[in-house]
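Hello,

Here is the structure I promised to pass on to you. Have a look at it first, and then read on for my notes on what turned up.

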Amino acid sequence: MLNLTIKPGEFFMIGDEIRVVFVGGTANNAKIMIDAPRTFNIVRGKVLERNAREQGEEVPQRFYPEKSISAERMHRFIEKQRKVGNNEMLT
């Protein structure tokens, strides 16, 4: 699974035809826009789960995020990235 961190206004591509744009959001919600050909069926997970339950089918497995890392470890990682970025600017 790919885990991305992007800023509002940035986007990523899925293949050559699907563009997913991060529009913004809050701590618990993300607003995205999906630009894809009409031949692709784009459905919310909640709708798939509801339809599966109504039809007596197995409910698709939900995504569970990776375990979180400690604040100290995150701080060390950020500092390391800053040092790498500063070194790249010097070359």
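**Salt bridges and what surrounds them**

The count of salt bridges comes to 2. Please keep in mind that this is a predicted model, so everything below describes a prediction.

One of the salt bridges links the side chains of Arg19 and Asp35, with 3.6 Å from N to O. Arg19 belongs to strand β2 and Asp35 to strand β3, so this pair ties together parts of the chain that lie 16 residues apart in sequence. How open are the two partners to the surroundings? Arg19 has 33% relative accessibility and therefore counts as partly exposed. Asp35 also falls in the partly exposed class, because its relative accessibility is 43%.

Another salt bridge pairs Glu54 with Arg50, and here the closest N and O atoms are 3.9 Å apart. Both residues sit in helix α1, and since they are 4 residues apart, about one helical turn separates them. Glu54 is exposed, at 60% relative accessibility, whereas Arg50 is partly exposed, at 42%.

**The overall layout**

It may help to step back to the whole chain here. The protein chain has 2 helices and 3 strands, and starting from the N terminus the order of elements is β-β-β-α-α. Of the 91 residues in the chain, 8% are buried.

**How the strands pair**

Strand β1 covers residues 11–14 and strand β2 covers residues 18–25; the two run antiparallel and are joined by 4 bridges. Together they form a hairpin with 3 residues between the strands. In that turn you will find Gly15, which has a positive phi of about 65 degrees. Two places are handy for finding your way along this pair: Phe11 stands opposite Val21 in β2, and Met13 stands opposite Arg19 in β2.

On to the next pair of strands. β2 and β3 also run antiparallel, with 6 bridges joining them, and a hairpin of 4 residues leads from β2 to β3. Val20 has Ile34 as its bridge partner in β3, while Gly24 stands opposite Lys31 in β3. As a reminder when you look at the side chains, those of a regular strand alternate between the two faces of the sheet.

**Arg19 once more**

Which ring does Arg19 lie over? Arg19 is placed over the face of Phe11, at 5.3 Å from the ring centre. The residue thus appears in several of these notes: Arg19 is in a salt bridge with Asp35, stands across from Met13 and lies over the ring of Phe11. As for rings meeting rings, the structure holds 0 aromatic pairs.

**A nonpolar patch on the surface**

Which residues make up the nonpolar surface patch? Ile32, Ile34, Phe40 and Ile42 form it, and its area is about 370 Å². Ile34 is already familiar as the bridge partner of Val20. Ile42 is found in the loop between β3 (30–35) and α1 (45–54). Is Ile42 buried or exposed? Ile42 has 51% relative accessibility, and because the cut-off for exposed is over 50%, Ile42 counts as exposed.

If you would like a place to start in the viewer, try Arg19 and Asp35, the pair in the salt bridge between β2 and β3, and then turn to the patch that includes Ile42.

Happy exploring, and best wishes

Key
Residues numbered from 1 in each chain as written. Predicted model: local features only at pLDDT ≥ 70, side-chain atom pairs only at ≥ 80, totals over all residues. Heavy atoms only, no water. Patch = residues over 30% accessible without salt bridge, like charges linked within 9 Å, V, L, I, M, F, W, Y side chains within 5 Å. Areas by Shrake-Rupley, 256 points an atom, 1.4 Å probe, with all protein chains shown as cover. Salt bridge = Lys/Arg side-chain N within 4 Å of Asp/Glu carboxyl O. Buried < 20%, exposed > 50% of the residue type's maximum accessible area, 1.4 Å probe, protein only. Phe/Tyr/Trp six-rings, centres within 6.5 Å; stacked < 30°, edge-to-face > 60°. Lys NZ or Arg CZ within 6 Å of the ring centre and 35° of its normal. Pairing = 2+ DSSP bridges.
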